[in-house]
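Student: I am new to this structure and would like a close look at just one part of it. Please pick a place where pieces pack together, and show me how it fits into its surroundings.

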Amino acid sequence: MTPEKLRAVLVEHRLSVKTVAYEMHVSPRTVNHWLKGTRRMSALAWEYLLLLLKKPKVLTLIGNDWDVD
């Protein structure tokens, strides 16, 4: 994982450093270090971020039918 890839993900999903830090349970300072390249983001942290981005935003249940938006 490179700082450029992380920056691209933040831009693509319109995420702020504060939001990423909150969702990943790290400090905004840590996210800034990842973005600057002064600290390397672990593979586990990268995979966790990608999983967080895949979680459904809305789950609609109607009887036995469901839909994810």
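Tutor: One definition will help before we zoom in: an angle of 65 to 115 degrees between two axes counts as roughly perpendicular. Keep in mind, too, that this is a predicted model.

Let's get our bearings. The protein has 4 helices and 2 strands, and from the N terminus on they follow the order α-α-α-α-β-β. Of its 69 residues, 25% count as buried. Among contacts between residues at least 6 apart in sequence, 46% join residues at least 24 apart.

The part I'd like to show you is the place where H2 and H3 meet. H2 covers residues 17–24, and H3 covers residues 28–36. Their axes are 8 Å apart and make an angle of about 115°, so H2 and H3 count as roughly perpendicular to each other. Their crossing is right-handed. On the H2 side, the contact is made by Val17, Val20, Ala21 and Met24. H3 brings Pro28, Val31, Asn32, Trp34 and Leu35. By class, the residues of this contact are 8 nonpolar, 1 polar and no charged.

Three of these residues make good landmarks. Let's begin with Val17, which lies in helix H2. Leaving aside neighbours within four places in sequence, Val17 touches Pro28, Val31, Asn32 and Leu35, and also Leu10. Another way to see how the chain folds back here is to look at Val17 and Arg29: 12 residues separate them in sequence, while their C-alpha atoms are 8.6 Å apart in space.

Trp34 is our second landmark. Not counting residues up to four places away in sequence, Trp34 is in contact with Pro3, Leu6, Met24, Val26, Arg39, Arg40, Met41 and Ala45. Met24, the third landmark, also belongs to the H2 side of our contact. Trp34 and Met24 both turn up again in the largest nonpolar core, which has 14 residues. Along with Leu6, Met41 and Leu49, they touch the most other members of that core. H1, H2, H3 and H4 are the elements that each give two or more residues to this core, and the largest share, 4 residues, comes from H4. As a general background point, nonpolar side chains tend to be buried together in soluble globular proteins.

Now let's step outward from our contact, first from H2 to its other partner. H2 also packs against H4, which covers residues 43–54, at an angle of about 100° and with the axes 11 Å apart. That makes H2 roughly perpendicular to H4. Here Val20, Glu23 and Met24 of H2 meet Ala45, Tyr48, Leu49 and Leu52 of H4. The class count for this contact is 6 nonpolar, no polar and 1 charged residues.

H3 has a second partner as well, namely H1, which covers residues 3–12. The angle between H1 and H3 is about 120°, and their axes are 7 Å apart. H1 and H3 are therefore oblique to each other. Pro3, Leu6, Arg7 and Leu10 of H1 make this contact with Val31, Trp34 and Leu35 of H3. By class, there are 6 nonpolar, no polar and 1 charged residues in it.

Two loop residues on either side of H2 deserve a look too. Most residues other than glycine have a negative phi. Arg14, in the loop between H1 and H2, has a positive phi of about 50° although it is not a glycine. His25, in the loop between H2 and H3, also has a positive phi, near 60°. Both residues are exposed: Arg14 has a relative accessible area of 79%, and His25 has one of 67%.

One last stop is Ala43, in helix H4. Ala43 counts as exposed, at 59% relative accessibility. Its C-alpha atom is 7.1 Å from that of Met1, although Ala43 and Met1 are 42 residues apart in sequence.

To come back to where we began: H2 and H3 cross with a right-handed turn, H2 also packs against H4, and H3 also packs against H1.

Definitions and conventions. Residues are numbered from 1 along each chain as its sequence is written. This is a predicted model: local features need pLDDT of at least 70, side-chain atom pairs count only at pLDDT 80 or more; totals for chains, interfaces and linings use all residues. Side-chain values use heavy atoms; hydrogens and water are left out. Axes are lines fitted to C-alpha atoms, for helices over the stretch in contact, and angles run from 0 to 180 degrees between N-to-C directions. Angles under 35 degrees count as roughly parallel, over 145 as roughly antiparallel, 65 to 115 as roughly perpendicular and the rest as oblique. Contact means heavy atoms within 4.5 Å. Ala, Val, Leu, Ile, Met, Phe, Trp, Tyr, Cys and Pro count as nonpolar, Asp, Glu, Lys and Arg as charged, and the others, Gly among them, as polar. A nonpolar core is a set of buried Ala, Val, Leu, Ile, Met, Phe, Trp, Tyr and Cys residues joined through side-chain atoms within 4.5 Å. Buried means under 20% relative accessible area, exposed over 50%, partly exposed in between (1.4 Å probe, protein chains only). A crossing is left-handed if the near helix is turned anticlockwise from the far one by less than a right angle, and right-handed if clockwise.
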